Every structure is written in structure tokens, then in C-alpha cells.
Amino acid sequence: MSNFTHLFLFNYMRQKRTFYTVFLYCSSLVVFSQNRTWLTYEIGQAHNSYEWMTDVSNHHIRKGIEGVPGIYLEQEFGSVFSLEIGYTDRFYGFDIDLYQQDTIRIVSAANNRQFPIRGKARINLINKRLYVVPFIGMGFTFNSNKHLYTRPRENYNFNVDAFYPDKFIVYQSGISLEYLLKNWKFGFYSSYNYYGKDLISYSVPELNTKFYSNGSYMIYQLRIGYAISSIWKKKSVKK
């Protein structure tokens, strides 16, 4: 094959690649310009699941109801579907006091940082203002600042395990109610987050006390979002 043919094919492929690159870029601009991109802040509570049994009549347990703030970026695809990614940060732990001659205290905790990704579907209820939005997804979770404390150790045989893996995945499903007002939206949502493996397990055999939590939880949150895509749409109109 001659040098001329090599040069011709090289230029042809380069132009073809450039064409596809420009085409995909322009196509993405068309798609995203026709749909909104949302930046959303949320705050709410997580209710950790657990099971608990004890013969100690005088006891106290802090039930693991924690505040959960989060921030999300959501991209619409068409009039129904959207994809959402985000970041949440919450405290996960339990405090248990068993009041005997000596107060027994068991404390476990960890910072739970999660990066959720969700697929959502909007179902119009009223005049394209009020929507019910079912969603499903998963949360990539990372634990840090793990802590375990028991007292007193000398009088009882503690069997305490705080597994707290450094990273794990929870599976999410839920539903939200959203109200749209121009470039703003307000909502309330709840979801169930499933892990299914023990994160914490306690037992004090002398007191017939057992406790464990499998890392699953329900969450209830309020949300407020702004269509940040309106910012660059306004700029493109001005040009």
C-alpha cells in the first residue's frame, strides 16, 4: 500500500472520528438543553432496624434515630425518567444502659458516608405541578471514626462485636411526593435501605441480654431543589 493511500486513510479516519465527536457533543447539548438539571438539598431522619432482648427490667436504649443531611444532583431524561447521584453523611450507632448494681454501658458508633445513585420515574398527579416519584437505587457506603466502648468489663462477660465494614452497599427503594414551582421543587420522601448483614451484635450472657442490628434502615426526608440548568439556559439566550 502506497504512502499516499496510508495518508488518505489516516485523514479519512481522523475526519470521521472528529465528525462523530462533534455529533455526540451536539447531541448531548440538545438532550440536556431540553431537560432540567436539579441541585437538591435534603434533611431528615434515619430509623435504624434492630432486635433487642433482655431480662434487665431497668434499662435504656438510644434507638438509633439519626439526622441525615444530603445533597444531590439530578438529570432529567425526557418527561418521565431521571438519574440522581448524591452524598449523605450520618452518624450510625446505639447506646445501651443496663442498670444493675453497676451500670453497664455499651456504646458503638461510626460515621456513615454514602454516595447514592438512583433511577427515578415521575408520575404526574395534578397539572404538571404535583408528582409522585418512585425510585430505586443503591448507596455506596463508607464507614469512618468507628468507636466501641463497654463498661465495666471486670464484672461481666461481654460478647460485643461491632463489625462496621469499611465499605459496603445498601439497596434502596422508595417513593417521594414532589411539587414544582417554576425553577424550584419541594418534596417529601421515604425509602427503605437494605443491607442484610449484621453490623452490630451484643450479648451479656449473665443477664440474658442480646442485641443486634443488620444495617438496614428507613429514612424520611424533606427536600428542596433548584433547576441549575436554568442558569446556563439564560446565558445562552443572552448570547
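A strand, in this tour, is a run of at least two residues that DSSP marks E, and strands are numbered from the N terminus. Keep that in mind as you click along, and remember that the model in your viewer is predicted.

**Stop 1: the whole chain**

Start by showing the chain as a cartoon. Its secondary structure comes to 2 helices and 14 strands. The chain has 239 residues, and buried ones make up 38% of them. Now turn on the surface: about 14200 Å² is exposed, with carbon and sulfur atoms supplying 62% of that area. How much of the contact set links residues 24 or more positions apart? Among contacts with a separation of 6 or more, such pairs account for 71%.

**Stop 2: strand β8 and a residue with positive phi**

Select residues 130–151, which form strand β8. Within β8 you will find N145. Check its backbone angle: phi is near 50 degrees, a positive value in a residue other than glycine. Most residues other than glycine have a negative phi. Is N145 buried or exposed? N145 counts as exposed because its relative accessibility is 58%, and the cut-off for exposed is over 50%.

**Stop 3: from β8 to β10**

Keep β8 on screen and add β10, residues 167–181. The two strands run antiparallel and are joined by 13 bridges. To see one of these pairings, pick T141 and look across to its bridge partner in β10, F168.

Next, pick Y171, which also sits in β10. Y171 counts as partly exposed because its relative accessibility is 46%, and partly exposed covers values between 20% and 50%. Which residues does Y171 touch, leaving aside its neighbours within four places in sequence? Show G137, M138, Y192, N193 and Y194, and you have its contacts. You can also draw a distance from Y171 to G196: their C-alpha atoms are 9.7 Å apart in space, while the two residues are 25 apart in sequence.

**Stop 4: the β10–β11 hairpin**

Follow β10 onward to β11, residues 184–194. These strands run antiparallel too, with 11 bridges between them. L181 has W184 in β11 as its bridge partner. Together β10 and β11 form a hairpin with 2 residues between them.

Zoom in on K182, in the loop between the two strands. Here phi is near 55 degrees, again a positive value in a residue other than glycine. K182 counts as exposed because its relative accessibility is 69%.

**Stop 5: strands β1, β4 and β5**

Now select residues 37–48 for β1 and 65–77 for β4, which pair in the antiparallel sense over 11 bridges. One pairing to look for is H47 with I65 in β4.

On to β5, residues 81–99: β4 pairs with β5 in the antiparallel sense over 8 bridges. Here E76 has S82 in β5 as its bridge partner. β4 and β5 form a hairpin with 3 residues between them, and G78 in the turn has a positive phi of about 80 degrees. Leave G78 selected for the next stop.

**Stop 6: the largest pocket**

The largest pocket holds about 160 Å³ of space. It is lined by 11 residues, and those closest to its centre are R36, G78, S79, R122 and Y131. Colour the lining by class and you should get 2 nonpolar, 5 polar and 4 charged residues.

**Stop 7: the cavities**

How many cavities of 30 Å³ or more does the model have? The count is 3. The largest cavity has about 70 Å³ of space. Among its 14 lining residues, V68, T88, Q114, Y217 and I219 lie nearest the centre. The elements giving two or more residues to this lining are β4, β5, β6, β11 and β14. By class, the lining divides into 5 nonpolar, 6 polar and 3 charged residues.

**Stop 8: the β12–β13 hairpin**

Finish with β12, residues 200–204, where 4 of the 5 residues are buried. Add β13, residues 209–213, which runs antiparallel to β12 and is joined to it by 5 bridges. S201 stands opposite Y212 in β13. The two strands form a hairpin with 4 residues between them, and N208 in the turn has a positive phi of about 50 degrees.

Key. Residues numbered from 1 in each chain as written. Predicted model: local features only at pLDDT ≥ 70, side-chain atom pairs only at ≥ 80, totals over all residues. Heavy atoms only, no water. Pairing = 2+ DSSP bridges. Buried < 20%, exposed > 50% of the residue type's maximum accessible area, 1.4 Å probe, protein only. Contact = heavy atoms within 4.5 Å. Areas by Shrake-Rupley, 256 points an atom, 1.4 Å probe, with all protein chains shown as cover. 1 Å grid on protein atoms, 1.4 Å probe; cavity = no way out; pocket = protein on both sides within 12 Å on 5 of 7 lines; lining within 4 Å. Points joined across faces, edges and corners; volume = space filled by probe spheres on them. Nonpolar A, V, L, I, M, F, W, Y, C, P; charged D, E, K, R; others polar.
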